[in-house]
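Student: I would like a close look at a single part of this model, the largest pocket. Please include the elements that line it and what else they take part in.

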Amino acid sequence: MASYLLPEFISTLAKLDHFDREAFLRVHESGEQLVSLHMNSEKNILQNGDWPENMDGPAFEISGTVPWAADAYYLLNRPSFTLDPLFHAGAYYVQEASGMFVAFALKQIADLSQKLKVLDLCAAPGGKSTLLQSLISPESVLVSNEVIKTRVPVLTQNMTKWGRANSIVSNNDPAHFKQIPGFFDIMLIDAPCSGSGLYRKDPEAALTWSQDLVKLCSQRQQRILADVWDCLKEDGYLIYSTCSYSREENEDILDYIFSQYPCESITLGPDPAWNIVETISNRSGAFGYRFYPDKTSGEGFFLAVIRKKQKVDSNKSNEYPEQVPRSAELKIKKWIKEGLLEYIPVGDSVHAMTPDLANDFGLLKKSLYLKKAGVRVGKAGVQDWIPDHELALANYLKKDSPTIGISYSDALHYLRGEPFDADIALKGWHTVEYQGLCLGWVKLLERRMNNYYPKSWRIRQ
């Protein structure tokens, strides 16, 4: 037996559908560590399906595609992502492959060309939110929420890197979403769980497993579902997932939902070649999908989709936001492509949002604690306009905006907050680009360069 797997934990798995004890133990003993990522569809860097050549930076080698998610790949190695400027530019997100099954589920239940309102309730650090963001239409709205305050900054950072103007980051308890009943078409709850599906990646965590922990997680999951159920519209879809093997946190939770609410279980029909195990809960007969690392190229994971069949009285009242002063709008339009976004003042800054998000912003601001809204464009300084880092990473800058293309070594200097050589006569604000992707801003003065890469983002290696 893999030395880090507790015997009492293994004994609880024996009753699970298609559990193969010997194969399960063998794959945990192997020490194999899979590395996978999904690409940012608006910052495509692949060249004929291969990673761009970069002799100076980390070496990437793609070993295959993740079959249930588009633009997702396995790597042969685990390079130092911290030392890859493209990672900091938001070209890709490093995510465990099984969790990308959310993409397949979303495609099965939704017309992604339509306007959708999507909630990722337990979103930090942002893997599933960035995945959702790449799939939904520009007219859709994504709310990425994180309950734990200390985890919000990393979520905000990753959503900023993804560069879209139709998303919100919030820091709310699930109960707060009762204030916007019937608002969302799709709700993803990647629920806090005992985490047993990730023990191969984190063997030390296996020693913390207990039945009491599983029971505590199950109770928490039920409370979360009860608190947020109202914010899902009638005929809306709940995507429920965990990285746990425990039936109490998966199939039993489906039975709990069916015992409390009128709903319908949705089958997804994954390709049999993927070796994903379809399960059926004991009491309600709800369908779920299990990933075992000895059967699939990924870690332990569970996902189910439920359709809500219950009327909801939606909250239709909205508060329309203030308009940006004309003088500020004229300054902004020097930087941003016209006709795509609306501009809204938030505090001392101006934010750019898609029209649909701008339309919902008043209601969301009134109901939730917002930490990020659309793309923060910048704010007025004493003498000139100060562009924000979010604007540099978004895909809305005009093509003729002043830009400095830099080498790999200079990119590392920039990401550390250091100056670098820039033989450019034109003074003022410039974006810094590496291999065609923006990293942030610098301001060139008469005798020096000011590096505006955010201090809290700077690398220390």
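Tutor: The pocket comes before the cavity and a helix pair. The model is predicted, so local features need pLDDT of at least 70 and side-chain atom pairs count only at pLDDT 80 or more, while totals for chains, interfaces and linings use all residues. Residues are numbered from 1 along each chain as its sequence is written, and side-chain values use heavy atoms, with hydrogens and water left out.

The largest pocket holds about 1,200 Å³ of space. On a 1 Å grid over the protein atoms alone, a pocket is an open set of points with protein on both sides within 12 Å along at least five of seven lines, whereas a cavity is a set where a 1.4 Å probe fits but cannot get out; lining residues have an atom within 4 Å of a point. Points are joined across faces, edges and corners, and a volume is the space filled by probe spheres set on them.

The lining of the pocket comprises 46 residues, and A124, P125, K128, R151 and D190 lie nearest its centre. Two or more residues each come from β1 (35–39), α3 (85–88), β4 (92–94), α5, α6 (152–162) and α8 (211–228). Helices (H or I, at least four residues) and strands (E, at least two) are DSSP runs numbered from the N terminus. Helix α6 gives the most to this lining, with four residues. By class, the lining has 23 nonpolar, eleven polar and twelve charged residues; Ala, Val, Leu, Ile, Met, Phe, Trp, Tyr, Cys and Pro count as nonpolar, Asp, Glu, Lys and Arg as charged, and the others, Gly among them, as polar.

Helix α6 also gives the most to the lining of the largest cavity, with three residues. That cavity has a volume of about 40 Å³ and is lined by F87, G90, Y92, Y93, N158, K161 and W162. Strand β4 supplies at least two of these residues, as does α6. Four of the lining residues are nonpolar, two polar and one charged.

Helix α5 (residues 127–135) in turn packs with α4 (residues 101–109): their axes come within 10 Å and cross at roughly 35 degrees. Axes are lines fitted to C-alpha atoms over the stretch in contact, with angles from 0 to 180 degrees between N-to-C directions. V102, A103, L106 and K107 of α4 meet K128, L131, L132 and L135 of α5, contact meaning heavy atoms within 4.5 Å. These residues are six nonpolar, no polar and two charged. K128 thus appears in this contact as well as among the residues nearest the pocket centre.
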